[in-house]
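Welcome! Open the model in your viewer, and let's walk through it one selection at a time.

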Amino acid sequence: MELLQLKYFTDAAECENFSSVAKKHFVPQPSISKTIKKLEEELGVTLFDRNGKKIVLNGNGKFFYEKVKTALTLIDEGADHFQNTQSTIMLYTQAGGRFVSLLTADYITSHENVFISSVNYSSTLGNKYDFTIMQPSNDMSEFDYVKLMEDEIVAIVPQNNPLYNEDIVSIKDLCGEKYIGYFRSMNLREFTDNFCVNVGEFYPNVIYETSDSATLRYLVEKNKGIALLPKAFFELQPSPSIKAIPLKEKTYRSLILAWSNTKKLNSVEKEFINYAQNWFKQL
């Protein structure tokens, strides 16, 4: 009986799906099936009831799972005791990049034994990241997560625009404006476009797209168009030549810290979750 067999088994017991286990461990699905079958042969019992491709943990499996889970937890705790090397957190930033830069800078200042690697593309990490900061999607079934903040969407307007003197505007008042926006592939752009369509009943006339917030801000300052941005995000770097104007129709961009619901969090990762939540509260 091998340790890898037991890890495959506990993962399969928790999700009752061999394909999901194979995806998690980056191995072919038949390898998981064969490994579990071999484990059952060694034990002399079946651990899952099978109906085609569907598997369900049976009574033997439930009993064995409780024992194996306890054993693996003790093994992990023993290994952690002897590991004096620097801990690593791999962070995939899908949204709120400017916040993440400040958050990670503050975190590593007070946590010298933790290394954080933050990237904007999951392919850079080979999908092996520990956490992702993102806007919640319609399907979060594969994730556990905590909410970090709700950030109000506002209109960002240059001095030369007639709207600059307004204290509040309706999204419908912005129908005829030219917009500087993020690329359509970015979550915030999709969110603000949908808001314009569903609430303002128009599709924004975006004349320039970028992935860089500094470029977006610069073009608004140069009176090339307006932008729809989260208020707190904008106020991290205010400018006297552009103004954030609230919308009558309130809407908020959510940021969450998410991780795979099959992931077993260690003490460092749990502490990072708490740190991130408290950091955003202080904004």
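**Stop one: an enclosed space**

The largest cavity has a volume of about 100 Å³. Keep in mind as you look around that this is a predicted model. Searching the whole structure turns up one cavity of 30 Å³ or more.

To find the spot, select Ile-180, Gly-181, Arg-189, Thr-192 and Leu-228: of the 14 residues that line the largest cavity, these are the closest to its centre.

Next, colour the elements around the space. Strand 7 (178–182), helix 7 (187–200) and strand 9 (227–230) each give two or more residues to the lining of the largest cavity. Which element supplies the largest share of that lining? Helix 7 does, with five residues.

Now try colouring the lining by residue type. You should find 10 nonpolar residues, two polar and two charged in the lining of the largest cavity.

**Stop two: a pair of helices**

Move on to the start of the numbering and select helix 1 (residues 3–15) together with helix 2 (residues 18–25). Their axes lie 8 Å apart, and the two helices pack at an angle of about 130°. Why call helix 1 oblique to helix 2? Because of that angle, helix 1 counts as oblique to helix 2. Their crossing is right-handed.

Finally, show the side chains where the two meet. On helix 1, pick Tyr-8, Asp-11, Ala-12 and Cys-15; on helix 2, pick Phe-18, Ser-20, Val-21, Lys-24 and His-25. The residues of this contact between helix 1 and helix 2 divide into five nonpolar, two polar and two charged.

Key:
Residues numbered from 1 in each chain as written. Predicted model: local features only at pLDDT ≥ 70, side-chain atom pairs only at ≥ 80, totals over all residues. Heavy atoms only, no water. 1 Å grid on protein atoms, 1.4 Å probe; cavity = no way out; pocket = protein on both sides within 12 Å on 5 of 7 lines; lining within 4 Å. Points joined across faces, edges and corners; volume = space filled by probe spheres on them. Helix = DSSP H or I, 4+ residues; strand = E, 2+ residues; numbered from the N terminus. Nonpolar A, V, L, I, M, F, W, Y, C, P; charged D, E, K, R; others polar. Axes fitted to C-alpha atoms, helices over the stretch in contact; angles between N-to-C directions. Parallel < 35°, antiparallel > 145°, perpendicular 65-115°, else oblique. Left-handed = near helix turned anticlockwise from the far one by under 90°. Contact = heavy atoms within 4.5 Å.
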